[in-house]
Amino acid sequence: MKLRLFAATTLLALASIASADVSLIDNEKTVDIDCSKDKEVSLIGNHLTVTLTGTCTKVSISGNHATLTGAANSVWIAGNHNTATLSGVDTLNVAGNHNTVSYKGPITTKVTKVSNPGTKNTITRLK
């Protein structure tokens, strides 16, 4: 069942890549992204370090060993061994494995909706 769920969620993540304002398909890059200009971000490469300024609408990580800092209404992590420190997030889906995510709480909703179909992920709500 988990494999079927992972396959379905991966297809959805790949479909969202086509509509991203910024698609970072590279390795070992450090970038700052202004969410007031680029609302949707897709991280596909490996060993990326990304800092978001403002609040993005949607961020998806399908690469591995990325480090993300910032805020987004929706964050989708399908890759492995990623680290995300979120000052705010409304919907968090961690379908990959061995990811570490910390978040402070929702941006526009009353509570952050968290889904963790992956394995060995650490998800922490900060106070």
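## Strands side by side

Ile61 has its bridge partner in E5, and that partner is Ile77. This pair belongs to a longer run: E4 and E5 line up in the parallel sense, with nine bridges between them. Keep in mind that this is a predicted model. The pattern carries on with E5 and E6, again parallel, this time over ten bridges. One of the matched pairs there is Thr69 with Thr85, the latter sitting in E6.

## The overall picture

Zooming out, the protein has one helix and nine strands. Reading from the N terminus, the order is α-β-β-β-β-β-β-β-β-β, so the helix comes before the strands under the DSSP numbering from the N terminus.

Of the 127 residues, 41% count as buried. The protein exposes about 6,800 Å², and carbon and sulfur atoms supply 54% of that area. As for contacts with a separation of 6 or more, residues 24 or more positions apart account for 12% of them.

## What fills the middle

Which residues have the most contacts inside the largest nonpolar core? They are Val50, Leu52, Val59, Leu68, Val75, Leu86 and Leu92, in a core of 24 residues. Several strands chip in: E1 (22-24), E3, E4, E5, E6 and E7 (100-103) each supply at least two residues of this core.

Leu92 is a handy place to look around. Setting aside residues up to four places away in sequence, Leu92 touches Val75, Leu86, Val101, Tyr103, Lys113, Val114, Ser115 and Ile123. Val75 and Leu86 are also on the list of residues with the most contacts inside the core.

## One disulfide

How many disulfides does the model have? The count comes to one, and it joins Cys35 to Cys56 with an S to S distance of 2.0 Å. The link ties together distant parts of the chain, 21 residues apart: Cys35 is in the loop between E2 (30-34) and E3 (40-43), while Cys56 is in E4 (residues 49-61).

Is the disulfide left-handed or right-handed? The torsion about the S-S bond of Cys35 and Cys56 is about -75°, so the answer is left-handed. Both ends are tucked away, with Cys35 buried and Cys56 buried too.

## Asn82 and Asn80, one loop

Asn82 is found in the loop between E5 (67-77) and E6 (83-94). Is Asn82 buried or exposed? Its relative accessible area is 2%, and buried means under 20%, so Asn82 is buried. A polar atom of the Asn82 side chain lies 2.7 Å from the backbone nitrogen of Ala66. Leaving out neighbours within four places in sequence, Asn82 is in contact with Ile61, Gly63, Asn64, His65, Ala66, Ile77, His98, Asn99 and Thr100. Among these are Ile61 and Ile77, the bridge partners from the opening.

Asn80 lies in the loop between E5 and E6 as well. At 27% relative accessibility, though, Asn80 counts as partly exposed. Asn80 and Gly63 are 17 residues apart in sequence, with their C-alpha atoms 7.1 Å apart in space. Not counting residues up to four places away, Asn80 touches Gly63, Asn64, His65, Gly96, Asn97 and Asn99. Gly63, Asn64, His65 and Asn99 also turn up among the contacts of Asn82.

## Two histidines with positive phi

His47 has a phi near 60°, a positive value in a residue other than glycine. His47 has its place in the loop between E3 and E4, and at 42% relative accessibility counts as partly exposed.

His98 also has a phi near 60°, again positive in a residue other than glycine. Where does His98 lie? In the loop between E6 and E7. With a relative accessible area of 36%, His98 is partly exposed, and His98 is one of the residues in contact with Asn82.

## Ser102 on E7

Ser102 is found in strand E7. At 16% relative accessibility, Ser102 counts as buried. How far apart are the C-alpha atoms of Ser102 and Leu126? They are separated by 6.4 Å, although the two residues are 24 apart along the chain.

Leaving aside neighbours within four places in sequence, Ser102 is in contact with Ala84, Thr85, Leu86, Thr124 and Leu126. Thr85 is the bridge partner of Thr69, and Leu86 is one of the residues with the most contacts inside the largest nonpolar core.

Terms used
Residues numbered from 1 in each chain as written. Predicted model: local features only at pLDDT ≥ 70, side-chain atom pairs only at ≥ 80, totals over all residues. Heavy atoms only, no water. Disulfide = S-S within 2.5 Å. Helix = DSSP H or I, 4+ residues; strand = E, 2+ residues; numbered from the N terminus. Buried < 20%, exposed > 50% of the residue type's maximum accessible area, 1.4 Å probe, protein only. Polar contact = N/O pair within 3.5 Å; in protein donor to acceptor, adjacent residues only side chain to side chain. Contact = heavy atoms within 4.5 Å. Areas by Shrake-Rupley, 256 points an atom, 1.4 Å probe, with all protein chains shown as cover. Pairing = 2+ DSSP bridges. Core = buried A, V, L, I, M, F, W, Y, C linked by side-chain atoms within 4.5 Å.
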